Amino acid sequence: MSELRQRPTATSNSSNGPVKEPHSRQQSSNDEIDRDHGISLLDIIRVIVTLLIACGGLSYYMTSSESVMWGYRPWYTRWPVVKQWVQGPVILTPSQLSVYNGTDTNLPLYVAVNGTIFDVSENRMIYGPGGSYNFFAGRDATRAFVTGCFKEDLTADMRGVEIMFLPVEDVEDEVMTSAQKKIRREQELRAARARVEGAVKRWTGFFANHEKYFEAGRVVDGGVDGEPWPLCESAQKQRPKRSAMVEQS
């Protein structure tokens, strides 16, 4: 019989060493390694949230548990302000405004400056009945804010209030022509009116930017008639004298 020759079988391993993995599998492994070492969007969000929480906690501690935003209090986080925004601005006449003087605790407490109504309900201890500034409540007392005469000038009549910033003419023999005096008077009058406007703007800003107060509406039909309001005694005494101004110049 002829010899039967056994045909060699193919093997998965060669004598030269192990067979290399396919290129696609090696590429997938590299992608996984790259993803492990990269920063994902979720990681960034986690860092931001952690920083915000830490900042809020520090603010809460530093402000004695009053705020987590370092004293900043957006208007939409204050319910009375949001309620006023939804209802719209109030429009009141002076007589209607007088009802909001704190006597009725069911009503807001209003103070008006230059026709703008501000809600000061959060400070009833000051503006409410028995408070040190209750005389400002329920009215527009812009003149008193400028002159400082809280008893005499509780009115919105600003006519003639600029006189408190004009000098008293106490120099008799002043070497100036009538035309020169007229020009000087006009210049001083403009400066005096600018000071009045600045004072009104400062007080309006005080209430508008206060953390506890907010603008509620406007006063209408508050026109003034008759003779101009007289300058109060205290404001009159504060007027500079022309003689003193001459000596300083």
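**A mixed sheet, a helix across it and an aromatic cluster**

In this predicted model, an open sheet is built from 4 strands in the order S1-S4-S3-S2, with mixed pairing. The edges are taken by strand S1 (90–92) and strand S2 (110–113); each has a single partner strand, so one side of each has no neighbour in the sheet. From one strand to the next, the twist averages 35°.

Strands of a sheet pair through backbone hydrogen bonds, in either the parallel or the antiparallel sense. Strand S3 (residues 116–119) and strand S4 (residues 214–219) are paired antiparallel, over 4 bridges. Thr116, for example, has Arg218 in S4 as its bridge partner.

Helix H7 (residues 178–208) lies across S2 and S3, and runs at about 150° to S2. One residue to look at in helix H7 is Arg184. Is Arg184 buried or exposed? Its relative accessibility is 16%, and buried means under 20%, so Arg184 counts as buried. Neighbours within four places in sequence aside, the contacts of Arg184 are Glu169, Glu174, Met176 and Arg242.

The aromatic residues give a further link between helix and sheet. In the whole structure, a search finds 17 aromatic pairs. One of them is Phe118 with Phe207: the ring centres are 5.6 Å apart and the planes stand at 25°; planes under 30 degrees apart count as stacked, so this pair is stacked. Because Phe118 belongs to strand S3 and Phe207 to helix H7, the pair ties together parts that are 89 residues apart in sequence. Phe118 is buried, at a relative accessible area of 0%, and Phe207 also counts as buried, at 0% relative accessibility.

Tyr133 and Phe135 make an aromatic pair of the edge-to-face kind, with 5.9 Å from centre to centre and 70° between the planes. Tyr133 is partly exposed, its relative accessible area being 36%. Phe135 counts as partly exposed too, at 26% relative accessibility. These four residues belong to one aromatic cluster, made up of Phe118, Tyr127, Tyr133, Phe135, Phe136, Phe145, Phe150, Trp203, Phe206, Phe207 and Tyr213.

There is also a covalent link to consider. The structure holds 1 disulfide, formed by Cys149 and Cys232, whose sulfur atoms are 1.9 Å apart. Which parts of the chain does the pair link? Cys149 sits in the loop between helix H6 (142–147) and H7, while Cys232 sits in the loop between S4 and helix H8 (233–237); these are distant parts of the chain, 83 residues apart. The torsion about the S-S bond is about 60°, so the disulfide is right-handed. Both Cys149 and Cys232 are buried.

Confidence varies along the model. The protein chain has an average pLDDT of 82, and 73% of the residues score at least 70. Among the elements of the chain, S2 has the highest mean pLDDT, 97, and helix H1 (residues 23–37) the lowest, 55. The edge strand S2 is thus the element with the highest mean confidence. Over residues 10–15 the pLDDT is below 50, and this stretch has 1 contact in the model beyond near neighbours in sequence.

Key
Residues numbered from 1 in each chain as written. Predicted model: local features only at pLDDT ≥ 70, side-chain atom pairs only at ≥ 80, totals over all residues. Heavy atoms only, no water. Pairing = 2+ DSSP bridges. Helix = DSSP H or I, 4+ residues; strand = E, 2+ residues; numbered from the N terminus. Axes fitted to C-alpha atoms, helices over the stretch in contact; angles between N-to-C directions. Contact = heavy atoms within 4.5 Å. Buried < 20%, exposed > 50% of the residue type's maximum accessible area, 1.4 Å probe, protein only. Phe/Tyr/Trp six-rings, centres within 6.5 Å; stacked < 30°, edge-to-face > 60°. Disulfide = S-S within 2.5 Å. pLDDT = per-residue confidence, 0-100.
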